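Good morning. I will take a few minutes to walk through one protein chain. Please look at the picture first, and then we will go from the whole to some single residues.

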Amino acid sequence: MKRTITLTVNGTTYTRDVEPRTLLVHFLREELALTGTHIGCDTSQCGACTVLLNGNSIKSCTAFAVQADGGEITTIEGLAAEDGKLHPLQEGFWEEHGLQCGYCTPGMILSSEQLLQRNPNPSEEEIRKGIEGNLCRCTGYQNIVKAVQHAAKNSAAKA
Ligand code: FES
Ligand code: FES
């Protein structure tokens, strides 16, 4: 039997009837057409599906949509400003060449966003630890670390 859930995604509130078994990642991609959240492994290992739920990064392939009922979700589509200006982390990945295929990037950025919210000036080691749940198979991580450092520096400069 379907259940009615209401959640706020990137500032917009949605109410939908869903099957209790619907995974959050499928809800975001198929019901809301927010396809920036990717499915890499479906087994909670790669982090491509990472979103923020009430400010905490979660792997949306391992959460049911009904578990997010009443919550606030941020996906990669919600990071840039309304006028299109990129978020500091998006700028960082752009400037420091933090991506190649880019498939892992939305999840990487959202994990990094949680990290910077909690620790605005992380060390390299802290950045590597912050993104350890996100696999990237093609950049070797060095430029990803630089991208997060770039964002931390730019955010601090604006604060
Ligand atoms: S698709 Fe969720 S962790 Fe890989
Ligand atoms: S850029 Fe992350 S897997 Fe390729």
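What follows is a short tour of a chain and a few of its residues.

One caution to start with: this is a predicted model.

Let us begin with the overall layout. The chain holds 5 helices and 5 strands. If you read along the sequence, these elements come in the pattern β-β-α-β-β-β-α-α-α-α.

Next, the dimensions. Along the principal axes, the C-alpha atoms fill a box of roughly 50 × 30 × 25 Å. How does the radius of gyration of the chain agree with that of a compact globule? For 159 residues, a compact globule would have a value near 15 Å, and the chain has 16 Å, so the two agree.

What share of the residues is buried? The figure is 43% of the 159 residues. As for the surface, the chain exposes about 8,400 Å², and carbon and sulfur atoms supply 48% of that area.

Contacts tell us how the chain comes back to itself. Take the contacts with a separation of 6 or more: 56% of them are made by residues 24 or more positions apart.

Then there is charge. The chain carries 14 positive and 18 negative side chains. The centres of these two sets lie 4 Å apart.

Now to particular places, beginning with helix H2. This helix covers residues 88–95, and 6 of its 8 residues are buried, so we can call H2 mostly covered. The buried ones are Pro 88, Leu 89, Gln 90, Glu 91, Gly 92 and Phe 93.

Just after H2 comes His 97, which sits in the loop between H2 and H3. His 97 is not a glycine, yet its phi is positive, at about 55°. Is His 97 buried or exposed? Its relative accessible area is 56%, and the cut-off for exposed is over 50%, so His 97 is exposed.

Ala 33 is another residue other than glycine with a positive phi, in this case near 60°. Its place is the loop between helix H1 (24–31) and strand S3 (50–53). With a relative accessibility of 56%, Ala 33 counts as exposed.

From the exposed loops we go to two buried residues. Thr 105 belongs to helix H3, which runs over residues 105–118. The relative accessible area of Thr 105 is 8%; buried means under 20%, so Thr 105 is buried. Which residues does Thr 105 contact, if we leave aside its neighbours within four places in sequence? They are Phe 93 and Leu 99. You have met Phe 93 already, as one of the buried residues of H2.

The last stop is Asn 134, in the loop between helix H4 (124–130) and helix H5 (142–158). Although it lies in a loop, Asn 134 counts as buried, at 3% relative accessibility. Leaving aside neighbours within four places in sequence, Asn 134 is in contact with Cys 46, Gly 47, Thr 50, Gly 107, Met 108, Ser 111 and Tyr 141. With Gly 47 we can be more specific: a polar atom of the Asn 134 side chain lies 3.2 Å from the backbone oxygen of Gly 47. For Ser 112 there is a distance to give: Asn 134 and Ser 112 are 22 residues apart in sequence, and their C-alpha atoms are 9.9 Å apart in space.

That is the end of the tour.

How values were computed:
Residues numbered from 1 in each chain as written. Chains lettered and ligands numbered in written order. Predicted model: local features only at pLDDT ≥ 70, side-chain atom pairs only at ≥ 80, totals over all residues. Heavy atoms only, no water. Helix = DSSP H or I, 4+ residues; strand = E, 2+ residues; numbered from the N terminus. Rg over C-alpha atoms; globule rule 2.2 N^0.38 Å. Buried < 20%, exposed > 50% of the residue type's maximum accessible area, 1.4 Å probe, protein only. Contact = heavy atoms within 4.5 Å. Areas by Shrake-Rupley, 256 points an atom, 1.4 Å probe, with all protein chains shown as cover. Lys, Arg positive; Asp, Glu negative; His and termini not counted. Charge placed at Lys NZ, Arg CZ, Asp CG, Glu CD. Polar contact = N/O pair within 3.5 Å; in protein donor to acceptor, adjacent residues only side chain to side chain.
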